[in-house]
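Trainee: I have a structure open and don't know where to begin. Can we go through it together?

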Amino acid sequence: MTTPNLLRFESPIGRIELVGDDERLISLSIERDGALPHDDQPDRPNAVLESARDQLVEYFAGRRTAFDIPVRLDGTPFQQAVWAELVRLGWGEATSYGALAAAVGRPGSARAIGGAVGANPVPIIVGCHRVLASDGRITGYSGGDGIPTKLWLLAHEQIGFAA
């Protein structure tokens with residue numbers, strides 16, 4: 001296997017690892033239990049990853065509310081439809097699993113929506129942290145330390161939620 005283009009950096013929610021090809025960001029991982037997926041490999045930054053890092057640093061500092069990073073979202077047609085809806089959400093906007101299900105033409109499939117949201121390869125850039133239960137509760141988050149990471153991101157964007 002060839003070594004991917006890879007760049008890691010510190011953030012308020014833990015170390016972040018970016019992986020990409022020469023043109024697009026492919027994945028964003030948030031440190032979990034002190035580890036990232038490619039910790040055994042050296043950084044191999046490129047212009048795409050450096051731009052993504054710079055935009056994320058601006059986001060964490062509160063100076064950026066939208067991203068202009070080319071991404072490659074590999075997934076099933078269903079996952080891609082869900083992720084396309086997530087891309088439409090802006091800074092400070094939230095939606096529910098049920099609303100996403102309706103938006104992709106699959107009402108009543110909130111559980112399947114949850115699976116697609118959790119499989120998002122580029123969290124934060126594609127704002128899966130902005131999805132809440134229909135009553136506004138936080139039901140989970142697959143990035144970083146899970147719910148504490150989601151809580152930080154929601155607070156950062158001033159998105160309200162039910163306790």
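Mentor: We will take pockets, salt bridges, a surface patch and some loop residues in turn.

Trainee: Before that, what kind of model is this?

Mentor: This is a predicted model, in which local features need pLDDT of at least 70 and side-chain atom pairs count only at pLDDT 80 or more, while totals for chains, interfaces and linings use all residues. Residues are numbered from 1 along each chain as its sequence is written, and side-chain values use heavy atoms, with hydrogens and water left out.

Trainee: Ok, pockets. What volume does the largest pocket have?

Mentor: The largest pocket has a volume of about 210 Å³. Of the 15 residues lining the largest pocket, Ala 66, Phe 67, Val 87, Leu 89 and Ile 125 are the closest to its centre. A pocket here is found on a 1 Å grid over the protein atoms alone, as an open set of points where a 1.4 Å probe fits, with protein on both sides within 12 Å along at least five of seven lines; lining residues have an atom within 4 Å of a point. Grid points are joined across faces, edges and corners, and the volume is the space filled by probe spheres set on the points.

Trainee: Which classes of residue are in that lining?

Mentor: The lining of the largest pocket has 11 nonpolar, 3 polar and 1 charged residues. Nonpolar covers Ala, Val, Leu, Ile, Met, Phe, Trp, Tyr, Cys and Pro; charged covers Asp, Glu, Lys and Arg; the others, Gly among them, count as polar.

Trainee: And the second largest pocket, what lines that one?

Mentor: The second largest pocket holds about 160 Å³ of space. Its lining has 16 residues, with Ser 29, Ile 30, Ser 142, Gly 143 and Gly 144 nearest the centre. Two elements, β3 (25-30) and α4 (110-118), give two or more residues to this lining. The largest share, 3 residues, comes from β3. By class, the lining of the second largest pocket divides into 9 nonpolar, 6 polar and 1 charged. The element names come from DSSP runs numbered from the N terminus: helices are H or I with at least four residues, strands are E with at least two.

Trainee: Switching topic. How many salt bridges are there?

Mentor: The count comes to 12 salt bridges, where a salt bridge is a side-chain nitrogen of Lys or Arg within 4 Å of a carboxyl oxygen of Asp or Glu. One of them joins Glu 58 and Arg 64, at 2.8 Å from N to O. Another joins Arg 88 and Glu 85, with the closest N and O atoms 3.1 Å apart.

Trainee: Where do Arg 88 and Glu 85 sit along the helix?

Mentor: Both are in helix α2 (residues 77-88), and because they are 3 residues apart there, about one helical turn separates Arg 88 from Glu 85.

Trainee: Is Arg 88 buried or exposed?

Mentor: Arg 88 is exposed, at 59% relative accessibility. Buried means under 20% relative accessible area, exposed over 50%, and partly exposed in between, with a 1.4 Å probe and protein chains only. Glu 58, at 26%, is partly exposed, and so is Arg 64, with 22%.

Trainee: Which residues are linked in a network?

Mentor: Asp 21, Arg 24, Arg 72 and Asp 74 are linked in a network of salt bridges.

Trainee: Now the surface. Which residues make the nonpolar patch?

Mentor: Ile 147, Leu 151 and Phe 161 make a nonpolar surface patch of about 230 Å². Patches take residues with over 30% relative accessible area and no salt bridge, joining like charges within 9 Å and nonpolar side chains (Val, Leu, Ile, Met, Phe, Trp, Tyr) within 5 Å. The areas come from the Shrake-Rupley method with a 1.4 Å probe, and for residues only the protein chains shown count as cover. Ile 147 lies in helix α5 (residues 147-156) and is partly exposed, at 36%.

Trainee: Last one. Which residue in the loop between β3 and α1 should I click on?

Mentor: Asp 33 is in that loop, between β3 and α1 (47-60). Phi of Asp 33 is near 55°, a positive value in a residue other than glycine. Most residues other than glycine have a negative phi. Asp 33 is exposed, with a relative accessible area of 72%.

Trainee: What about Gln 158, where is that?

Mentor: Gln 158 is in the segment after α5. Its phi is near 60°, also a positive value in a residue other than glycine, and Gln 158 counts as exposed at 71% relative accessibility.
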